[in-house]
Amino acid sequence: MLQAKFCPDCQTEMQSGVIPDLAHGVTATTKWLPGTPPFDTTFWGNLKDRDGRLHHSTSLPVITWRCPDCGLLRSYAHES
Ligand SMILES: [Zn+2]
């Protein structure tokens, strides 16, 4: 169960949602991956960090909240 979030500027209750990842012809939830900047891509277009790759096994789904008054977006990547 998600807890209500309130806009830090307007104090209005924010709406939950996602920013979809539209790569490869599917609509997936954007994921948070731990990594060390700077980020670059491999020859095949995969994202990698300074150590050479991102750690997909520890990815977390990203939930983004939107303020209906000012449009502010805030994203959270929780463990559960
Ligand atoms: Zn707002």
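## Burial and overall form

Of the 80 residues in this chain, 2% count as buried. The model is a predicted one. Its secondary structure consists of nine strands and zero helices. Read along the sequence, the pattern is β-β-β-β-β-β-β-β-β. The chain is more spread out than a compact globule, because its radius of gyration is 15 Å, well over the 12 Å that the globule rule gives for 80 residues.

The C-alpha trace spans about 45 × 30 × 25 Å along its principal axes. Contacts also reach along the sequence. Take those between residues at least 6 apart in sequence: 45% of them join residues at least 24 apart.

## The three-strand sheet

Which strands make up the open sheet, and in what order? The order is β1-β8-β9, and the pairing is antiparallel. β1 and β9 stand at the edges. Each has a single partner strand, so one side of each is left without a neighbour in the sheet. Neighbouring strands of this sheet are turned by 25° against each other on average, direction ignored.

Start with β1, which covers residues 15–17. Three bridges join β1 to β8, and the two run antiparallel. Within this pairing, S16 has W65 of β8 as its bridge partner.

Now the other side of β8. This strand covers residues 63–66, and β9 covers 73–76. Four bridges link β8 and β9, again in the antiparallel sense. Three residue pairs trace the match. I63 has Y76 in β9 as its bridge partner. T64 stands opposite S75. W65 stands opposite R74. W65 thus appears in both pairings: it is the bridge partner of S16 and it faces R74 in β9.

## The β8–β9 hairpin

β8 and β9 form a hairpin, with six residues between them. G71 sits in the turn and has a positive phi of about 85°. In sequence terms, G71 belongs to the loop between β8 and β9.

Is G71 buried or exposed? It is exposed, because its count is 8 other C-beta atoms within 10 Å, and a residue with 12 or fewer falls in that class. G71 can also be set against V26. The two are 45 residues apart in sequence, and their C-alpha atoms are 26 Å apart in space.

## Q11, ahead of the first strand

Q11 lies in the segment before β1. What is notable about its backbone? Phi of Q11 is near 60°, a positive value in a residue other than glycine. Q11 counts as exposed because it has 9 C-beta neighbours inside 10 Å.

Both Q11 and G71 therefore combine a positive phi with an exposed position, as their neighbour counts show.

## A cis bond between two prolines

Where is the cis peptide bond? It joins P37 and P38, with omega about 5°. P38 is found in the loop between β4 and β5. β4 covers residues 31–32 and β5 covers 40–41.

## Points to check in the viewer

- The sheet order β1-β8-β9, with β8 between its two antiparallel partners.
- W65 in β8, with S16 as bridge partner and R74 opposite.
- G71 in the hairpin turn, with phi of about 85°.
- Q11 before β1, with phi near 60°.
- The cis bond from P37 to P38.

How values were computed
Residues are numbered from 1 along each chain as its sequence is written. This is a predicted model: local features need pLDDT of at least 70, side-chain atom pairs count only at pLDDT 80 or more; totals for chains, interfaces and linings use all residues. A residue is buried if 20 or more other C-beta atoms lie within 10 Å of its own, exposed if 12 or fewer, and partly exposed in between; C-beta atoms are placed from the backbone. The radius of gyration is taken over C-alpha atoms; the globule rule is 2.2 Å times the number of residues to the power 0.38. Two residues are in contact if their C-beta atoms, placed from the backbone, lie within 7 Å. Two strands pair if DSSP finds at least two bridges between them. Axes are lines fitted to C-alpha atoms, for helices over the stretch in contact, and angles run from 0 to 180 degrees between N-to-C directions.
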